[in-house]
Amino acid sequence: MSNVSERFGKPGMILTLLGVLLGVIFLGGFILSGLIVVDNRKIAVLIRKTGDDLKGNAVMATADQKGIQADLLSEGWHWRNPYTWDYVTVDTIQIPQGKVGVQVRTFGDPLPDDAVIAGPTQRGIIPGVLGPGGYVINPFAYRVILADAVTIPPGYVGVVNRVSGKDPKNPNDFLVEEGERGIQKVVRGPGTEYVNPYEVRITPIDLRSHRFDMTAEKIIRFPSLDGFDITMEGTIEWFIDSTRAAEVFVKYVDTREVITCVTEDIILPNARAYSRIEGSKHLARDFIGGITREKFQEQFLAGLKRSCQMQGIIIQSALIRQISPPDAIAKPIKEREIAIRMRDMYEQQKERERQQKLLSMEEKMKDRKTQTTLADADASVAITKATQEKEVAVIQAEREFEVAKLQLQAAQNLAEAVVAGGKAKADVIVFKNAAEAQGLKNAAAAFGDGHTYVRYLMNQKMAPSITYVLSNTDGPFADLIRRVMESSKGGKK
């Protein structure tokens, strides 16, 4: 710096500093102008500003050509020479749920006249699809078309129509082989199919049961054998044969709904044809009722099943609700039929009453038999019970008799023992009395006679009492003696 200031002076130093600053600013601006910031869910498409010009009708440039490049810059920070490169920021491709993305290449060789799908180097629709999600795709090179995914509900199958592919080997066949253009033999099951509609088209076909009413403008009309116009109303239940769904689709389905095509092109024509062929074999009066009408309904169902099954339609039922001949013959026939039915009804009522009467008699006989059986059973039970009670009573009586015999024997033994004991006691008393009498006799003899012995005994018994009385100082005897003694002392004075 000192050399610069010495050589150029102060103004030169300032100019040098300004030059350096301008260089730094230019370099910083150059660097910033080449900075590319790509936000979330964005991409940057590079555009080359230098190089060779594009040739012909080309859209995409090669690496050494001016124009839109195939390479992309993803999310983040990038740097390119701003002199050579420019860029455009675009959104990423988002495929929502239930949709598919079909890519269309905007560059390449042109397609042949009969081609639908582009080859690897051709412009046009690319085979395959983009499923739901986000994709980094150059919008200048590829255009993305959204299409609906095909949902095949439960109870349906998907008939596959390949709109691009090789020509079928047998162009007169309704169904083609795998990979050939046309309706495929194999159908798809329930689920969601993500297919390219420019390659394959899938049409859901309902295999569930359906109901077709032959009324209003679809009513059946046919002539009877005797030339009367007969009208017939009914209901047919049907469904498509699952193994022949593709065949039914290719043969009978057009721009209308599948159900409409089947009912109007298969079921209704067969119903009309069969009713006219078979109905013209009977008189008008035969359709009022009775066996002919029932037989006609059975034949109509069998014939309709047979003819529709040949065309891939399964008939479950065919109910004829009403067959109406002209009123001119219908009224008297109906009245006659009503009278016959009333007569049959009365006959049936009489038969029911007779059967009811027989049934009532049978029930009464059955009740009587049941009661007799119950009475016999009760009598048998009573006899058995009485016999058992008699046997028990006899056994009890015999047991009690034995016990009584034992008790009698014991009583006799006890009586004999009591008599023997009483006799022994009596003998003891007799012997004791005899001994005492003998003693008294001997004692009386000792005193000379009995009176003297008796006075002895009395004195012997009374002596202790007199001694007690005389020795006791208290009592009435002592008082009596005391008074006698005192009175004796008073007389002496």
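Where does Gly179 lie? Gly179 sits in the loop between E12 and E13, and we'll come back to that spot once the overall picture is in place. The model here is a predicted one, in which local features need pLDDT of at least 70 and side-chain atom pairs count only at pLDDT 80 or more, while totals for chains, interfaces and linings use all residues. Residues are numbered from 1 along each chain as its sequence is written, and side-chain values use heavy atoms, with hydrogens and water left out.

Let's start with the whole chain. Its secondary structure comes to seven helices and 19 strands; helices (H or I, at least four residues) and strands (E, at least two) are DSSP runs, numbered from the N terminus. Of the 493 residues in the chain, 26% are buried. Here "buried" means under 20% relative accessible area, "exposed" means over 50%, and "partly exposed" is in between, using a 1.4 Å probe and protein chains only. Contacts, meaning heavy atoms within 4.5 Å, often reach far along the sequence: among those between residues at least 6 apart, 68% join residues at least 24 apart.

Now for the sheets. Strands of a sheet pair through backbone hydrogen bonds, either parallel or antiparallel. Two strands count as paired if DSSP finds at least two bridges between them. One open sheet has three strands in the order E3-E2-E5, with antiparallel pairing. Strand E3 (67–73) and strand E5 (85–91) stand at the edges with a single partner strand each, so one side of each has no neighbour in the sheet. On average, neighbouring strands of this sheet are turned by 30° against each other, direction ignored. Strand E2 (residues 42–48) is joined to E3 by four bridges, and Val45 has Leu72 in E3 as its bridge partner.

A second open sheet of three strands runs in the order E8-E7-E10, and its pairing is antiparallel too. The edge strands are strand E8 (124–125) and strand E10 (142–148), each pairing on one side only. Two bridges join strand E7 (residues 99–105) to E8, and Arg105 has Gly124 in E8 as its bridge partner. Also in strand E7 is Gln103, which counts as buried because its relative accessibility is 19%. Leaving aside residues up to four places away in sequence, Gln103 touches Gly124, Ile125, Ile126, Leu130, Ile137, Tyr142, Arg143 and Val144.

Strand E16 shows two faces. In a regular strand the side chains alternate between the two faces of the sheet. In E16 (residues 210–214), His210, Phe212 and Met214 make up the covered face, while Arg211 and Asp213 make up the uncovered one. Five bridges join E16 to E18, and the two run antiparallel; Asp213 stands opposite Thr235 in E18.

Back to Gly179, then. With 26% relative accessibility, Gly179 counts as partly exposed. Gly179 and Ser164 are 15 residues apart in sequence, and their C-alpha atoms are 8.7 Å apart in space. Not counting residues up to four places away in sequence, Gly179 touches Arg162, Gly165, Lys166 and Gln184.

On to the helices. Helix H2 (residues 245–252) is largely enclosed by the rest of the structure, because six of its eight residues are buried. Those residues are Ala245, Ala246, Glu247, Val248, Phe249 and Tyr252. They pack against strands E12 (156–162), E13 (182–183), E15 (200–206), E18 (229–240) and E19 (313–324), as well as H3.

H3 has a helix partner as well. The axes of helix H3 (residues 258–279) and helix H4 (residues 291–309) come within 10 Å and cross at roughly 135°. That makes H3 oblique to H4. The contact includes Ile266, Ile267 and Tyr274 of H3, along with Phe296, Phe300 and Leu304 of H4. In full, the residues of this contact divide into eight nonpolar, six polar and two charged. (Axes are lines fitted to C-alpha atoms, for helices over the stretch in contact, with angles running from 0 to 180 degrees between N-to-C directions; under 35 degrees counts as roughly parallel, over 145 as roughly antiparallel, 65 to 115 as roughly perpendicular and the rest as oblique. Ala, Val, Leu, Ile, Met, Phe, Trp, Tyr, Cys and Pro count as nonpolar, Asp, Glu, Lys and Arg as charged, and the others, Gly among them, as polar.)

Our last stop is Ala284, in the loop between H3 and H4. Ala284 counts as buried, at 0% relative accessibility. Ala284 and Leu225 are 59 residues apart along the chain, with their C-alpha atoms separated by 7.1 Å.
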